[in-house]
Amino acid sequence: MYRLYAAISIIIGMYLDSVLFAKINIAGVVPDCVLVVIVCMGIQLGATEAAAVGCAAGLVIDILFGKAVGINAIAYMIAGSVGGIFYKKYFADNMIIPVLTVGVCAFLKENLMAILTRMVGGRFSYFDMLITYMVPSALMSAALCIPAHALLKPRLMLSAKKRYDRSAGGIK
């Protein structure tokens, strides 16, 4: 059942990224909703599952919206792995860890995209991009993590608990 929640969450994140926030943005800066969902999944489900979901979601995004296949897949896979570092290592109601993790992952993803853009011949001022897009985007993604984590946590925790109980010999 958690796979269904994961798929629906990723689809909603893709919709928000591609349709809603493409029209509603603040000075051209948008949060990365898919990254937020993947990091929250990593924190709730573990690194392996979040990295797999991140890789799959990144490939779909690259195929549908990107010019180069695999860039978002790598970024989202790394974000899922980083979120999975905190799996079962903090108190579940703590919002600081997910928010900080999303902020750092969003900032690193934007830097990766800037490096790859520079490598293929893009011309821009890194420090202007840092101030006008990268930092605000990371902060907006971190702010979006608060409601996303609150919405995803009950469903993913329930599903993960059932899965854990099954591996221990049945649902209790």
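This is a short chat about Asp32, its partners and the cysteines in a predicted model.

Reader: Before we start, what kind of model is this, and how are residues numbered?
Author: It is a predicted model, where local features need pLDDT of at least 70 and side-chain atom pairs count only at pLDDT 80 or more, while totals for chains, interfaces and linings use all residues. Residues are numbered from 1 along each chain as its sequence is written, and side-chain values use heavy atoms, with hydrogens and water left out.

Reader: Where does Asp32 sit?
Author: Asp32 lies in the loop between helix H1 (2–23) and helix H2 (33–45), helices being DSSP runs of H or I with at least four residues, numbered from the N terminus.

Reader: And is Asp32 buried or exposed?
Author: Asp32 is buried, because its relative accessibility is 8%, and buried means under 20% relative accessible area with a 1.4 Å probe, protein chains only.

Reader: How many salt bridges does the structure hold?
Author: The structure holds 1 salt bridge, a term for a side-chain nitrogen of Lys or Arg within 4 Å of a carboxyl oxygen of Asp or Glu. The side chains of Asp32 and Lys109 form a salt bridge at 3.1 Å, N to O. This pair links distant parts of the chain, 77 residues apart, with Lys109 in helix H5 (residues 96–119). Lys109 is buried, as is Asp32.

Reader: Changing topic, how many disulfides are there?
Author: A search of the whole structure finds 0 disulfides, a disulfide being a pair of cysteine sulfur atoms within 2.5 Å.

Reader: Is Cys33 buried or exposed?
Author: Cys33 counts as buried, at 3% relative accessibility, and Cys105 is buried with a relative accessible area of 7%.

Notes:
Buried means under 20% relative accessible area, exposed over 50%, partly exposed in between (1.4 Å probe, protein chains only). Helices (H or I, at least four residues) and strands (E, at least two) are DSSP runs, numbered from the N terminus.
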